[in-house]
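Hi everyone, thanks for coming. I'd like to walk you through a protein model today, and I'll explain the terms as we go.

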Amino acid sequence: MHVVVAARSSGQATAVDVGGVTVAEAARPTRPRWTWADTNLWYPGLLRAGVRVDRCHDLRLAHRVLRASAWTTGSRLAQAFAGAWDALQPVPAGGTPTPPDDGGTLFDLDPTSRASAAGDAATLDGRACRVELDAQLDAVATSRAPGRLRLLLAAESAGALAAAEMQRAGLPWDAGRHDEVLRDQLGPRPAVGARPDRMERLAAEVRDALDAPTLNPDSLPDVLRALRRTGLAVTSTRSWELQQVDHPAIGPLLAYKKLSRLFSANGWAWLDAWVQDGRFRPEYVVGGVVTGRWASSGGGALQIPQQVRTAVRADPGWVFVVADAAQLEPRVLAGLAHDERMADAGRGKDLYRGMVDTGVVDSRAHGKVGMLGAMYGGTTGSSAAVLPRLARAFPASLALVEDAARTGERGDVVTTLLGRTSPRPGASWHETQVLAQSDDADAGAESKARAQTRAWGRFTRNFVVQGTAAEWALCWIAEVRRRLWDLGAAEVPGDRVPTPFTGRPHLVYFLHDELVVHTPAPLADAVAAEVRAAAAASGRLLFGDFPVDFPVSVGTDRSYGEAKDAG
DNA sequence: GATTATAGCGCG
DNA sequence: AAAGCGCGCTATAATC
């Protein structure tokens, strides 16, 4: 049953009963599903009050899925004109400063101020939420695959809960260790506006080698000009292109670029801005990517370089369990295509290794780059070279991605396993196609149209795989989240993990096919087992009895940087 | 002077 | 091996 939670203009919350159940009754073990306009509007406050929500229905996220899904096009939800729910912008989950944990009451919060800043506050009242929920349930019920869509919406909403919880808990971050890494690579912290010593010295070497005393190594045109003047046939300053070149300036230039990246993206300024009280609290944007993957905002949460992951350190008495779904995308493709041969190749072992063992390819690297090419639409290099062998060995999988590509090239939409549908190409895409077919179209217009056609085909080709993999990952994280809570709490001396996770294993990081659990050390083995079991459960939710497995490599360590590879 | 666009690189 | 998918962020260039 759904319990709709909405805000009144007074700022007081009201729980509207849709199934004859009051809030007090809903707290009993009937497993209510809290229905609200936006998880980010309600859940951070509940978490601060120490309340964990078991499951919810996020109307904003569900609306977006159902408006776009090819399975609900006949519904009144999909056929209505765009309205307030379409205009609703995501609310920043951490938009308000965290008040001290003084045991505030359940609904002692005022989300309306943030809501009105985010969009139409009237959308968020109880009646509007009830009407919208009605329309959504109708769209699901009358869709081509209600069960799948129901699973997608539940997983998306569970993801929203997990994201809010991860922001609440924060990623344990050792600023001292981060500083050590920076000093080790860059030298001492420079004055504001100055370059670190190590970078300044490399810049001098580059200027020297290129005989360009005033060269600014941060200016791309400047660097490109200087390289050209020296007689080097480079067309850009990309690292991989420079690596092909043999010249004394290249070594220090590449080293400079590497350090410059670390300094500007994850240096001391980043540390000051994003790490407080030993925690990095990024904002996760659930469904922020068209394919259904999460995005993030602020701090580059999904791009933490390997170099600084050693600064991610568990609290005393706690450890990280780091889990990585091995070769997730090709396994998902095998499941989507019911490709038993590919599923066989990966059963109980590295999928790419399995492709070598069965003689499909001659090295793991070829298997990997070949499959990536098949899923991304690669047309050159060694990726394209192994493609014919893959097509012979795995016709079902290759046909599925080829078909998705052809569909996109026609300008049609593709849909993931659970019903997330790709956007249509924009007006300018169609214009370019029409233009290229007119009588006076020149060769330029035609080749531009062809390139654009293929590009959209690569997008839809990848959409079905990346999008279904994102659905697998959402189900995984939802399962993990539930199982971790069921493990209960342990006593940890000096515990500084915030409520409601004090003493409890909890998610702290999620990166597409990888997750990190912060857990009291004694529970680490149990956590690892649950993470694996959750992966298996997710596979069954998506693919039922089809025998594709989802092995997870698991490592345990006090440092994120050290925890990988251990399993 | 304030803005938007681009190149490049980090992650999967 | 260096190309094909999806992002966010930074510094600089380009544009208003």
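I'll begin with how to read the model, then go from the whole chain to single residues.

First, some housekeeping. This is a predicted model, in which local features need pLDDT of at least 70 and side-chain atom pairs count only at pLDDT 80 or more, while totals for chains, interfaces and linings use all residues. Residues are numbered from 1 along each chain as its sequence is written, chains are lettered from A and ligands numbered from 1 in the order in which they are written, and side-chain values use heavy atoms, with hydrogens and water left out.

Now the overall picture. Chain A has 24 helices and 13 strands. Helices (H or I, at least four residues) and strands (E, at least two) are DSSP runs, numbered from the N terminus. How much of the chain is buried? Of the 567 residues in chain A, 51% are buried. Buried means under 20% relative accessible area, exposed means over 50%, and partly exposed is in between, with a 1.4 Å probe and protein chains only.

The surface that chain A exposes comes to about 25000 Å², and carbon and sulfur atoms supply 51% of it. Those areas come from the Shrake-Rupley method with a 1.4 Å probe, and for residues only the protein chains shown count as cover.

Next, contacts, meaning heavy atoms within 4.5 Å. Among the contacts in chain A with a separation of 6 or more, 69% are between residues 24 or more positions apart.

Gln-185 lets us look at contacts for one residue. You'll find Gln-185 in helix α9, residues 175-186. Gln-185 is called partly exposed because its relative accessible area is 28%. Which residues does Gln-185 contact, leaving aside its neighbours within four places in sequence? They are Arg-198, Leu-259, Leu-262 and Gln-307. Take Gln-307: along the chain, Gln-185 and Gln-307 are 122 residues apart, yet 9.7 Å separates their C-alpha atoms.

Let's move on to salt bridges. A salt bridge here is a side-chain nitrogen of Lys or Arg within 4 Å of a carboxyl oxygen of Asp or Glu. By this rule, the count is 26 salt bridges.

One of them joins the side chains of Asp-315 and Arg-279, at 2.7 Å from N to O. Because Asp-315 lies in the loop between β9 and β10 and Arg-279 in strand β7 (residues 279-280), this pair ties together parts that are 36 residues apart in sequence. Asp-315 and Arg-279 are both buried.

Another salt bridge pairs Arg-309 with Glu-514, with their closest N and O atoms 4.0 Å apart. This pair links distant parts of the chain, since Arg-309 is in the loop between β9 and β10, Glu-514 is in strand β12, and their positions lie 205 residues apart in the count. Arg-309 and Glu-514 are buried, too. To put that separation plainly, Arg-309 and Glu-514 are 205 residues apart.

A third one brings Glu-402 and Arg-461 together, their closest N and O atoms being 3.0 Å apart. Glu-402 sits in helix α20 (residues 395-409) and Arg-461 in helix α22, 59 residues apart, and the pair links distant parts of the chain. Are these two residues buried or partly exposed? Glu-402 counts as partly exposed because its relative accessibility is 28%, whereas Arg-461 is buried, with a relative accessible area of 8%. Salt bridges that share partners join Glu-402, Arg-406, Glu-409 and Arg-461 into one network.

Now for some backbone details. Most residues other than glycine have a negative phi, and most peptide bonds are trans. With that in mind, where is there a cis peptide bond? A cis peptide bond joins Thr-499 and Pro-500, with omega about 0 degrees. Pro-500 is in the loop between α22 and β11 (506-510).

What about positive phi values? Gln-327, a residue other than glycine, has a positive phi near 45 degrees. Gln-327 is in the loop between β10 (318-325) and α15 (328-337), and it counts as buried because its relative accessibility is 15%. His-512 also has a positive phi, near 65 degrees. Look for His-512 in the loop between β11 and β12 (514-520); at 24% relative accessibility, His-512 counts as partly exposed.

Last stop, the surface. Asp-439, Asp-440, Asp-442 and Glu-446 gather there in a patch of negative charge. Patches are made of residues with over 30% relative accessible area and no salt bridge, where like charges are joined within 9 Å and nonpolar side chains (Val, Leu, Ile, Met, Phe, Trp, Tyr) within 5 Å. Asp and Glu count as negative and Lys and Arg as positive, while His and the chain ends are not counted. The place of a charge is taken as NZ of Lys, CZ of Arg, CG of Asp or CD of Glu. Within this patch, Asp-440 is in the loop between α21 (427-437) and α22 (443-486). Asp-440 is called exposed because its relative accessible area is 68%.

That's the tour, and thank you for listening!
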